[in-house]
Every structure is written in C-alpha cells, then in structure tokens.
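Here are my notes on this model, set out as numbered points for your reading. They deal with empty space, packing and backbone angles.

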Amino acid sequence: MSLFRPKKQNPNEKIVSKLYAHIIEAGRQPVLYAEWGVPDTPIGRYEAIGLHMILFLFRTRSTSPALEELSQDVLDEFFLELDHSVRELGVGDAGVPKRMKKLGKMFYGRMGPYWKALDDNNIDALKDALVRNITPDSKEQLASEALAQYMITSAAHLAKIDEDQLLRGEINFPQP
C-alpha cells in the first residue's frame with residue numbers, strides 16, 4: 001500500500017538542495033583540476049566534492065540541534081547522489097552496495113585526518129593527508145600547499161558564517 005501514498009517530504013528539502021548545490025559548485029571549480037592537480041576523473045571529482053562536504057561538516061559540528069539535523073540531511077543527499085552517480089557509471093545493482101561501502105569508508109577515513117589538521121591548523125599534516133588521499137599512485141603532482149591553504153582559509157571563512165544563514169541555505173566558499 002505504501003507504493004500509492006505520496007512520499008513524505010523533508011521540510012528541509014529546499015534548503016538541503018540549496019546547500020548541496022553550493023558544495024557541488026565549490027567542488028567543481030576549474031582551478032582544482034587545471035592548476036592544483038586534482039585528477040579530472042570520477043574519483044577525482046569525488047575527492048573534490050568530498051573535501052568541500054568535509055569542510056561543511058567541519059563548520060556544522062557541535063552546533064545547534066537544528067543545524068546538526070540539517071547537516072545530516074545534506075550528508076544524506078551527498079551519499080544519495082553518490083549512489084546515483086555510481087549507477088550512472090554502469091555499476092549494476094548487485095555491485096552498488098559494495099562500491100558505496102568503499103566510498104563511505106574513503107569519505108570517513110579522510111574526514112578524521114582533515115578535521116584534526118584543521119583543528120590544529122597544521123598545514124603539513126593536511127598536505128600529507130591530501131597527497132595520500134587524492135593522488136596516492138599518480139604521477140600527477142598535486143599542489144598540496146595551495147589546496148591545504150585553501151582548506152584552512154575555507155574553514156576560517158565558513159566559521160564566520162552565521163548559523164541562521166546556514167539554516168536558510170546560505171553558504172559560500174572562498175575563491176581559490
């Protein structure tokens with residue numbers, strides 16, 4: 001019977017979509033790929049968007065319950081869109097859960113070291129984590145100094161955004 005009932009709407013849906021669109025936009029900035037060496041591949045785009053998602057979550061941690069709930073909704077949207085992307089890349093239904101589990105582990109495995117480096121304002125630890133995660137086997141040279149500095153600047157910039165602005169879906173990342 002639930003097939004014929006309307007889908008329950010998330011009251012935050014428009015705000016979640018707005019915030020997520022800003023995170024996607026920030027993760028698609030051409031400088032990340034053209035100048036800083038993030039690979040312009042599906043996994044490279046995952047890394048760039050994931051990095052911005054981690055910055056958003058860093059900003060919204062330990063805040064009001066309303067903002068924590070909103071940030072969880074944005075994170076859920078990230079993984080839902082990731083699931084859609086994996087399917088669009090041709091992974092069959094049987095392989096999607098395995099890929100999603102791997103991508104989830106990758107995401108949370110990056111979040112801890114990135115947050116610790118941001119908390120400590122440790123650019124060297126952040127550079128090491130970025131190289132280890134974004135270009136581990138690549139001959140491409142990652143501009144880790146620029147990317148790490150961008151993350152530190154972004155975290156400071158996002159910290160200045162008022163909680164009410166975030167609850168309205170208003171967020172912006174600094175220009176790289």
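Which helices each supply at least two residues of the lining of the largest pocket?

1. The model is a predicted one, and the points below should be read with that in mind. The helices that answer the question are α1 (13-27), α3, α4, α5 and α6, each of which supplies at least two residues of the lining of the largest pocket. Among these contributors, α3 provides the largest share of that lining, namely seven residues.

2. The volume of the largest pocket comes to about 740 Å³. Its lining is made up of 25 residues, of which Pro42, Tyr46, Leu82, Ser85 and Leu89 are the closest to the centre of the pocket. When the lining of the largest pocket is sorted by class, 14 residues are nonpolar, three are polar and eight are charged.

3. Apart from this pocket, the structure holds two cavities of 30 Å³ or more. The largest cavity has a volume of about 50 Å³, and the residues lining the largest cavity are Tyr46, Glu47, Gly50, Leu51, Ile54, Phe107, Arg110 and Tyr114. At least two residues of this lining come from each of α3 (42-60) and α5 (96-120), with α3 giving the most, five residues. By class, five residues of the lining of the largest cavity are nonpolar, one is polar and two are charged.

4. For the second largest cavity, the volume is about 30 Å³. Leu32, Val38, Glu47, Ala48, Leu51, His52, Ile134 and Leu147 form the lining of the second largest cavity, and here again α3 gives the most, with four residues. The class division of the lining of the second largest cavity is six nonpolar, one polar and one charged. Glu47 and Leu51 appear in the linings of both cavities, while Tyr46 lines the largest cavity and is also listed among the residues closest to the centre of the largest pocket.

5. Turning to the packing, which residues touch the most other members of the largest nonpolar core? The largest nonpolar core has 57 residues, and those that touch the most other members are Met53, Phe78, Phe107, Leu126, Leu130 and Leu147. The elements that give two or more residues to this core are α1, α2 (30-34), α3, α4, α5, α6 and α7 (144-159). Once neighbours within four places in sequence are set aside, Met53 is in contact with Ile23, Val74, Leu75, Phe78 and Phe107. Two of the residues named for the core also belong to cavity linings: Phe107 lines the largest cavity, and Leu147 lines the second largest cavity.

6. Two residues deserve a look for their backbone angles. Ser62, which is not a glycine, has a positive phi near 50 degrees, and Ser62 lies in the loop between α3 and α4 (65-88). Is Ser62 buried or exposed? Ser62 counts as exposed because its relative accessibility is 72%, where the cut-off for exposed is over 50%.

7. Asn121 likewise has a positive phi, of about 55 degrees, although Asn121 is not a glycine. The loop between α5 and α6 (123-134) is where Asn121 is placed. With a relative accessible area of 53%, Asn121 is exposed, since exposed means over 50%.

Definitions and conventions. Residues are numbered from 1 along each chain as its sequence is written. This is a predicted model: local features need pLDDT of at least 70, side-chain atom pairs count only at pLDDT 80 or more; totals for chains, interfaces and linings use all residues. Side-chain values use heavy atoms; hydrogens and water are left out. On a 1 Å grid over the protein atoms alone, a cavity is a set of points where a 1.4 Å probe fits but cannot get out, and a pocket is an open set with protein on both sides within 12 Å along at least five of seven lines; lining residues have an atom within 4 Å of a point. Grid points are joined across faces, edges and corners, and a volume is the space filled by probe spheres set on the points. Ala, Val, Leu, Ile, Met, Phe, Trp, Tyr, Cys and Pro count as nonpolar, Asp, Glu, Lys and Arg as charged, and the others, Gly among them, as polar. Buried means under 20% relative accessible area, exposed over 50%, partly exposed in between (1.4 Å probe, protein chains only). A nonpolar core is a set of buried Ala, Val, Leu, Ile, Met, Phe, Trp, Tyr and Cys residues joined through side-chain atoms within 4.5 Å. Contact means heavy atoms within 4.5 Å.
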